[in-house]
Amino acid sequence: MKEKKALIEYWRNSKIIMSKAILRAFEEINREDFVLPEYRKYAYVDEPLPTFADQTISQPTTVAIMTQALEPKPGQKILEIGSGSGYQAAILSEIVGPTGKVITIERIKDLAEFAKKNLKTYKNVKVVYADGSKGYIKEAPYDRIIVTAAAKKMPEVLFEQLKENGIMIIPVGALTWAQRLLKVKKVRGKKGIEDLGPFVFVPLVGSS
Ligand code: SAH
């Protein structure tokens, strides 16, 4: 697809995305398979698109930047909170490969079903219909945690489910215009926080 190639070329040329494995995953996965049929023709416009219940599939460049910041590797176990369409989970599935696993949680039933349907052929992905603001203790600890909705403040309970040397990517901020995307590393049990700048996400519901 021409538009998809152009978007990936833009990331490559502008050096927004430097990782070959990540560029390859975006080449492999079709965003048009994760958007509602009426938006398929806009799949490679670099914008968020509506899914259900006022939620969105994130902008491709945001997905790419979050994926790169997460530093995913083959064989890892990754927790995603906010499955939405399942697109981000599909990208991660491609990177962790058959020896890795992606667990993705969605609190809106229609979206959990939408993600399940879109991810049906992805053997290393499990979609869970639940409130993910407390993480998912059953499969913890995780090498990586990615939160695709904004938390009011850093949820300690998620940090606890991260392995030593693990990385969590999470937008934090109570007000839409004041959200920061944070990269949190667990080093000797403590948080090392890097601020990746301002982004806009839908709110993480139910986080304390
Ligand atoms: N990663 C998605 C985009 C997600 S948009 C994709 O690739 O398409 C954010 C999603 O987080 C929404 O679907 C919203 O319903 C979900 N969400 C918000 N709070 C949540 C919570 N506490 N637990 C699980 N999902 C949540």
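**Exercise 1. The largest nonpolar core**

Task: Find how many residues the largest nonpolar core has, and which of them have the most contacts inside it.

Solution: In this predicted model, the largest nonpolar core is made up of 41 residues. Those with the most contacts inside this core are Trp-11, Phe-26, Phe-34, Tyr-87, Leu-119 and Ile-169. The next step is to ask which elements give two or more residues to this core, and these are helix H1 (2-13), helix H2 (20-28), H3, helix H4 (87-96), strand E5 (125-129) and strand E7 (162-172). Of these contributions, that of H4 is the most, with 7 residues. A second core, separate from this one, has 21 residues, among them Leu-79, Val-147, Ile-170 and Val-184.

**Exercise 2. Helix H4**

Task: Work out why H4 can be described as largely enclosed by the rest of the structure, and find which residues Tyr-87 is in contact with once its neighbours within four places in sequence are left aside.

Solution: Begin with the criterion, under which a residue is buried if its relative accessible area is under 20%. In H4 the residues that are buried are Tyr-87, Gln-88, Ala-89, Ala-90, Ile-91, Leu-92, Ser-93, Ile-95 and Val-96. Because 9 of the 10 residues of H4 are buried, the helix is largely enclosed by the rest of the structure. Turning to Tyr-87, and leaving aside neighbours within four places in sequence, the contacts are with Phe-26, Ile-29, Asn-30, Arg-31, Phe-34, Ile-57 and Val-63. After H4 comes Gly-97, which has a positive phi, near 70°.

**Exercise 3. Three buried residues**

Task: For Thr-61, Pro-171 and Thr-51, state where each one lies and which residues each one touches, not counting residues up to four places away in sequence.

Solution: Thr-61 belongs to helix H3 (residues 60-70). With a relative accessible area of 9%, Thr-61 is buried, and, not counting residues up to four places away in sequence, Thr-61 touches Leu-7, Tyr-10, Trp-11 and Asp-46.

Pro-171 is found in strand E7, and its relative accessible area of 0% makes it buried. With the same residues up to four places away in sequence not counted, Pro-171 touches Val-147, Ala-149, Ala-150, Ala-151, Arg-180, Leu-181 and Phe-201. Pro-171 and Ile-146 are 25 residues apart in sequence, and their C-alpha atoms are 9.3 Å apart in space.

Thr-51 sits in the loop between strand E1 (49-50) and strand E2 (56-57). Thr-51 is buried, at a relative accessible area of 9%, and, not counting residues up to four places away in sequence, Thr-51 touches Leu-36, Thr-56, Ile-57, Ser-85, Leu-111 and Phe-114.

**Exercise 4. The whole chain**

Task: Describe the secondary structure of the protein chain, and explain why the chain is as compact as a globular protein of its length.

Solution: The secondary structure of the protein chain consists of 6 helices and 9 strands. The radius of gyration is 16 Å, which is close to the 17 Å that the globule rule gives for 208 residues, so the chain is as compact as a globular protein of that length. The C-alpha trace spans about 45 × 40 × 35 Å along its principal axes. Of the 208 residues in the chain, 52% are buried. Among contacts between residues at least 6 apart in sequence, 53% join residues at least 24 apart. The chain exposes about 10200 Å², of which carbon and sulfur atoms supply 55%. Finally, the mean positions of its 33 positive and 24 negative charges are 4 Å apart.

Note on methods. Residues numbered from 1 in each chain as written. Predicted model: local features only at pLDDT ≥ 70, side-chain atom pairs only at ≥ 80, totals over all residues. Heavy atoms only, no water. Helix = DSSP H or I, 4+ residues; strand = E, 2+ residues; numbered from the N terminus. Buried < 20%, exposed > 50% of the residue type's maximum accessible area, 1.4 Å probe, protein only. Contact = heavy atoms within 4.5 Å. Rg over C-alpha atoms; globule rule 2.2 N^0.38 Å. Areas by Shrake-Rupley, 256 points an atom, 1.4 Å probe, with all protein chains shown as cover. Lys, Arg positive; Asp, Glu negative; His and termini not counted. Charge placed at Lys NZ, Arg CZ, Asp CG, Glu CD. Core = buried A, V, L, I, M, F, W, Y, C linked by side-chain atoms within 4.5 Å.
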